[in-house]
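Dear colleague,

I am passing on the structure we spoke about, with its sequence, so that you can have both open while you read. My notes on what I found follow directly below.

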Amino acid sequence: LFKYIHKKHQKLIKNLIATTAAKRARELDEKPETALLKGYHSAKPVGEALEEIASGKISPVVPEEFQA
């Protein structure tokens, strides 16, 4: 994801990923049945959300103005 984004926007994109993971973690905590992976390495919802992002099951929406 980061190699396609201009360097000056990388911090904003990192925050976007963190926000996406936090929102997804809250959803996983409230509704565990929405899990997208069969098994997680992490025991905590934030780690599970990051695993879903890393696997490509969910992804932050990158605003067009931040794309190179």
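Arg24 forms a salt bridge with Glu52, in which the closest N and O atoms lie 2.6 Å apart. This pair links distant parts of the chain, since Arg24 sits in helix H1 and Glu52 in helix H2, with their positions 28 residues apart. Please bear in mind throughout that this is a predicted model, and that the distances are computed from its atoms.

Arg24 has a second partner, because its side chain also meets that of Glu27 in a salt bridge, at 3.3 Å from N to O. Glu27 and Arg24 are three residues apart in helix H1, and therefore about one helical turn separates them. Salt bridges that share partners thus join Arg24, Glu27 and Glu52 into one network, and the count of salt bridges comes to two.

How buried or exposed are the three members of this network? Glu52 has a relative accessible area of 0% and is buried, and Arg24, at 7% relative accessibility, counts as buried because the cut-off is under 20%. Glu27, by contrast, reaches 35% relative accessibility and so counts as partly exposed.

The helix that holds Arg24 and Glu27 may be worth following next. H1 runs over residues 10–30, which makes 21 residues, and reaches 30 Å from its first C-alpha to its last, close to the 30 Å expected at 1.5 Å a residue. Its buried residues are Ile13, Ile17, Thr20, Ala21, Arg24, Ala25 and Leu28. Seen down the axis of H1, these buried residues fall within an arc of 135°, so they line one face of the helix. The face turned away from that buried side carries the exposed residues Lys11, Lys23, Asp29 and Glu30.

As for what the buried residues of H1 meet, they pack against helix H2, which spans 45–55. Seen from the other helix, H1 is among the elements that cover the buried residues of H2, and those residues are Gly47, Glu48, Ala49, Glu51, Glu52 and Ile53. Glu52 therefore appears both in this buried set and in the salt bridge to Arg24, while Arg24 is itself one of the buried residues of H1.

One last detail concerns the backbone just after H2, where Gly56 takes a positive phi of about 90°.

With best wishes

Conventions. Residues are numbered from 1 along each chain as its sequence is written. This is a predicted model: local features need pLDDT of at least 70, side-chain atom pairs count only at pLDDT 80 or more; totals for chains, interfaces and linings use all residues. Side-chain values use heavy atoms; hydrogens and water are left out. Helices (H or I, at least four residues) and strands (E, at least two) are DSSP runs, numbered from the N terminus. The expected span of a helix is 1.5 Å times one less than its number of residues. Buried means under 20% relative accessible area, exposed over 50%, partly exposed in between (1.4 Å probe, protein chains only). The arc is that of the directions from the helix axis to the C-beta atoms. Contact means heavy atoms within 4.5 Å. A salt bridge is a side-chain nitrogen of Lys or Arg within 4 Å of a carboxyl oxygen of Asp or Glu.
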